[in-house]
Amino acid sequence: MTLRTTLIESLETLKKDVAMMADLALSNIREGLYAFKNNDQELAKQVMAKDSEVDRYEEEIAKKAIQIIWREQPLASDLRLVTGILKLITDIERIGDHASDIAEMTLHLDDQRNKRIMPMTSKMAEIVENMVLTSIEGLVHVDESLALKVIETDDLVDDLFNQLIQKMTQELKDDKVDPNEAIYVLMVAKYFERIGDHAVNIAEWIIFMVSGKHKNTPLF
Amino acid sequence: MNDSIVFNVKNLNLFYGEKQALKNIEIPIYKNQITALIGPSGCGKSTFLRALNRMNDLIDECHLDGKINYYDQDIYDQTMDVIGLRTHVGMVFQKPNPFPMSIFDNIAYGPRCQGIKDKQKLKEIVDEALKQAALYDEVKDRLKESALSLSGGQQQRLCIARTIAMKPDVILMDEPTSALDPVATLKIEDLVVELKKNYTIIIVTHNMQQAARIADKTAFFLMGELIEYGDTSTLFSTPQYKKTEDYITGRFG
């Protein structure tokens, strides 16, 4: 017999809210990248404006989580879930910031994008989006295996980022790319690399929800 | 942290007539630690507590097998001095139960029974016990008043002082705050934490937050079995067994 229906329902609502927050951040990433690739300045401005919605989600989720703590006094897996969520929403909020940053880069460039460099950034973007998606799926199901998958994938993103730097350096030496454009493309790639790191942070909090350990350190 | 074991319980089975109330309990109780016993009503936690100073002897048809060693003494050995055991292992009950006499006489009652007649000596014992029970400042000017005039929380601290006056080694507490308001409860909790410097404390509680706040070790009982025992921080954050997890998260009751 389940006694704590209110607590269980509140936790489910909290997880759904986090998933919605992450959906919004992800949609901003996609639109931010689209705006950058296609020099869509209007869309870029819309993405930047939508970042405040992600911030609002963070506040609302934090309020609900704190309310669960003082009202329901959760223990064991419930406590790990609530405290883990309180930590990982900061990473989702940062992901939202980076989506806005990517969109903002659009405003600095008004010419055609470099066709040789963009595909590599797009590949990074695709992998990173999947990392964020998988981490949120890992949260919804509190699934450690999905979290581990996210952490493993991060090496791939770092490799792609390093390859991009090398390629960019070479193209700059060969005078095949406009230095101004190179800087902004590299910044966009760096934002994706950081989003990957935040997905890893989320994954580490999911492992904490399962084991009580964060980066192998018991927090209790 | 003192690692010496005060009680070592081995393979304890306890029966009320045909009904088995405790099944194969194995647990060490450590000196100068607070051990909380938690679990739903009827799980055997109070029965276990009362087995530690043979309070169950007073119940007809209660019998047990297995061993409870108090240091190196088997407390159910026929040669055991039960009165002596209860002097070393005192008890505080759910409902404050002061005797209908003065505050002073409540505390002096035990020492007097032990033959202490010297008034100065008795005064020293009473004052010391009241101080340790964090009650002295509140009652020092009215020691001759009836203990029944005290508030519920004060009465419970008086009962703790009465136990302390016997200079025990272990204090057993059976839901000592369940009849008290939140402020009186917190005072008792602070007191219990303070007392562990000098005493070993075993406390039965239905309040899991209370166990989490004050206990070093926690034991979870269910249907006469000891399901899980360990550091309180581990038991309430990352319990090892699903039954413990289900109980402390309210998935069953």
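The salt bridge between the two chains is my starting point: A:Asp78 pairs with B:Arg251, and their closest N and O atoms lie 2.7 Å apart. Please bear in mind that this is a predicted model. Between chain A and chain B, the count of salt bridges is 1. Polar contacts add to the description of this interface, with 6 residue pairs found across it, both residues of each pair at pLDDT 80 or more.

Which elements of chain A give two or more residues to the side that touches chain B? They are α1, residues 5-38, and α3, residues 76-106. The largest share of that side comes from α3(A), which supplies 4 residues. By residue type, the side of chain A that touches chain B divides into 7 nonpolar, 5 polar and 3 charged residues.

Let me turn to the extent of the interface. In terms of contacts, 15 residues of chain A meet 14 residues of chain B. The area buried between the two chains is about 1200 Å², and carbon and sulfur atoms give 53% of that area. Within chain A, the residues that lose the most area to chain B are A:Leu75, A:Ala76 and A:Phe220; together they account for 40% of what that side buries.

I now move to the strands of chain B, beginning with an open sheet. This sheet has 4 strands in the order β2-β1-β4-β5, and the pairing is antiparallel. At its edges stand β2, residues 19-30, and β5, residues 73-74; each has a single partner strand, so one side of each is left without a neighbour in the sheet. For β2(B), the pairing with β1 of chain B, residues 5-16, is antiparallel and runs over 8 bridges. As one position in that pairing, B:Phe7 stands opposite B:Ile29 of β2(B).

A further pair of strands in chain B is β6, residues 89-92, and β7, residues 170-174. How many bridges join β6(B) and β7(B), and is their sense parallel or antiparallel? The two strands pair in the parallel sense, over 4 bridges. Here B:Gly90 faces B:Ile171 of β7(B).

Finally, are the residues on the two faces of β6(B) buried or exposed? Both faces are covered. On one side, B:Val89 and B:Met91 are buried, and on the other side B:Gly90 and B:Val92 are buried as well. B:Gly90 therefore appears twice in this account, as a buried residue of β6(B) and as the residue opposite B:Ile171.

Terms used
Residues are numbered from 1 along each chain as its sequence is written. Chains are lettered from A and ligands numbered from 1 in the order in which they are written. This is a predicted model: local features need pLDDT of at least 70, side-chain atom pairs count only at pLDDT 80 or more; totals for chains, interfaces and linings use all residues. Side-chain values use heavy atoms; hydrogens and water are left out. Buried means under 20% relative accessible area, exposed over 50%, partly exposed in between (1.4 Å probe, protein chains only). Two strands pair if DSSP finds at least two bridges between them. Contact means heavy atoms within 4.5 Å. Buried area is the accessible area (1.4 Å probe) that two parts lose on being put together, summed over both. A salt bridge is a side-chain nitrogen of Lys or Arg within 4 Å of a carboxyl oxygen of Asp or Glu. A polar contact is a pair of N or O atoms within 3.5 Å; within protein, one must be able to donate a hydrogen and the other to accept it, and residues adjacent in sequence count only if both atoms are side-chain atoms. Ala, Val, Leu, Ile, Met, Phe, Trp, Tyr, Cys and Pro count as nonpolar, Asp, Glu, Lys and Arg as charged, and the others, Gly among them, as polar.
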